[in-house]
Each structure stands twice: as C-alpha cells, then as structure tokens.
Amino acid sequence: MSGASRASVAARASRTPTRSPWPARLAIGAGVLLAVLLQLLPFYITVTTALKARSDLSSQWLPPLAPLGGQGIHWQNFATAVEEGGILRAIGNSAIVTLGATVLVCVLGALAAYPLARRPTLQNRLVLAGVVGLIMIPPLSILVPLYSMMSQWHAINTYAGTILVMTATQLPLAIFLYTAFMRALPVSIEEAASVDGASAVQVLFRVVVPMLKPVTATVVILTSVNVWNDYALSVYLMRSPEMRTIAPATATFFSTTASDVGAAAAASLLSALPVLVVYLVLQKYFIKGMVAGSEK
C-alpha cells in the first residue's frame, strides 16, 4: 500500500466516531432504566392503590386482581373523589387560572423579551439582570404584603386576582427563556422584512413570533405545571371551597379521608391527568426550547 493510500485510510479512521465499549453502554443503559423505574414507581403505587377497595389488604406492589390475592378493580374510588372531594370543580377552577396565567405569561414574556434581546444596551442588560434576580425570590417571602394588598382590592376568591398573581410569579422565567431564544435567532430575517417595508410591530408578530414555537411550548409547560400544582399561594388566594384549585382541594380531601387512601390516590390521579396530557402533546417542542434557551 502506498503512502498516500495509508494516509487516506488513516484520515477516514480518524473521522470515524469511536463507539464506547459495550460494558460502558450497558452501564449507561442500566442507569437510565433504573432512573426511569424510580420515577415511575410512585405513579405505579398510586394507580394500584386507586384501584383497590378500602377493605382490600393485598400488597400495594400488586394490582388488585383476584389471582394475585386482590378483590378486583374498584372504580368507586374515582366516584368518591368526584362526589365528595369536588375534584372536577377544582379541576375546572385550576383550568381557568392556568389557562389565563399561561396566555398572559406567553404574550407579556415575548413582548418584554424582544427589546431585551435585540437592543443589548446597558439599561436593557440591567433590566434583564433584575428579571433573573426575581426568579430567585421565593413567592412565599412576599405572601403577607401580597395577601394584604389583594384583600384591599377585594381580589381574594376571584379568578382575575389569582391569575394576575400567578402571572407575576411566572413571568420572570418566561422573559429569561424568550430572551435567550431570541438572541439565537438570525437578525437577517428581520432586516429583510424591514427592508420590504414591514414595521417593527409587523416584524415581531409576522416574523419573530412564528419562530418562537419551541420556546413557547417550553414556557407553556413550565407555567402550566407550576400554576396547576401551586399550593402555597392558591390556598390563601382561593379560600372558598367553591373556588379552590386542584392542589388545595386534593390536600383538603386527603386530610378529611385519611383512612380511605384509595379515594385519595384516585383524586391525585385525576388532578395529574390534565398536565400529563399537555406535556405529552408538547414534549418535543419542550426539549427544543430548553436546549435553545440553555445555549446562552
């Protein structure tokens, strides 16, 4: 073999990616599988518990099937959660609050992030730093003045008041994600639209907004999950039983039916179902948005 041929073979070999040895791949696969099983284990036990009658004393690790020592599937737990716990009403309240807060966070977050991403002045950098600082402030630290202000405005037990509070708590993270994503977008597309006669508002809504689908899906998932699962603020803002959101309603139902763990588990499954569906629908956009937002 000539020297040129050997050099060509060596060059191709250097460009061929080296694969990890099979023990390493096996160890990584086993670690991932173990992590998945640990994550699914609480959900599995919740499902098996929700399908068992109160008198069923079989192991929680086994489904409630007669061949396995159980008494069969008991769907009455879900009816008890709906009738006595008011879970469907709480789901409706949470849906209204979550939908309103998510829409406001997406709209206001995109509008606020656009000038921060496209005009990197000193003032905008300070504003963005302040926004990032707000992410680190726990909402419970402002609970007392917040509750006092909401009481003076007669906004307790109202959808509008709760939506505004949830929007304010979730908006800083949305602005940060939108800003990081917009900085990665090419400016040439916006410049071409401006040359064609588009105004700044038209460039934003016709050019930039259509490219924000991945990060918007990320913001939608993060905001909806945080608002849906919020307990600390919702329990004070929605004190009336008719206005309770899903987290306080589930906690109250569990405290009143501590002996009926099957009904409490059924209530937990019903409360988690909507956000699980939203995540499964938007998961591919969620991953894209998180990766794009982490580049900065």
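**An exposed leucine and its nonpolar patch**

Let me begin with one residue, Leu99, which counts as exposed because its relative accessible area is 58%, and exposed here means over 50%. Please keep in mind throughout that what we are looking at is a predicted model.

Where does Leu99 lie? It lies in helix H4, and that helix, running over 87–118, matters for the next point, which concerns the surface.

Leu99 is one of the residues that make a nonpolar surface patch of about 870 Å², and the others in that patch are Val103, Leu104, Val107, Leu108, Leu111, Leu164, Val201, Phe205 and Val209. The elements that give two or more residues to this patch are helix H4 (87–118) and helix H9 (200–208). Which element gives the most to the nonpolar patch? That is H4, which contributes six residues.

Turning now from the patch to the whole chain, the protein holds 13 helices and zero strands, so that, by the DSSP runs used here, reading along the sequence gives the pattern α-α-α-α-α-α-α-α-α-α-α-α-α.

As for the surface in total, the accessible area of the protein comes to about 17200 Å², and carbon and sulfur atoms account for 69% of that surface. Of the 296 residues, 36% count as buried, where buried means under 20% relative accessible area.

Finally, a word on contacts: among those in the protein with a separation of 6 or more, 73% are between residues 24 or more positions apart.

How values were computed. Residues numbered from 1 in each chain as written. Predicted model: local features only at pLDDT ≥ 70, side-chain atom pairs only at ≥ 80, totals over all residues. Heavy atoms only, no water. Patch = residues over 30% accessible without salt bridge, like charges linked within 9 Å, V, L, I, M, F, W, Y side chains within 5 Å. Areas by Shrake-Rupley, 256 points an atom, 1.4 Å probe, with all protein chains shown as cover. Salt bridge = Lys/Arg side-chain N within 4 Å of Asp/Glu carboxyl O. Helix = DSSP H or I, 4+ residues; strand = E, 2+ residues; numbered from the N terminus. Buried < 20%, exposed > 50% of the residue type's maximum accessible area, 1.4 Å probe, protein only. Contact = heavy atoms within 4.5 Å.
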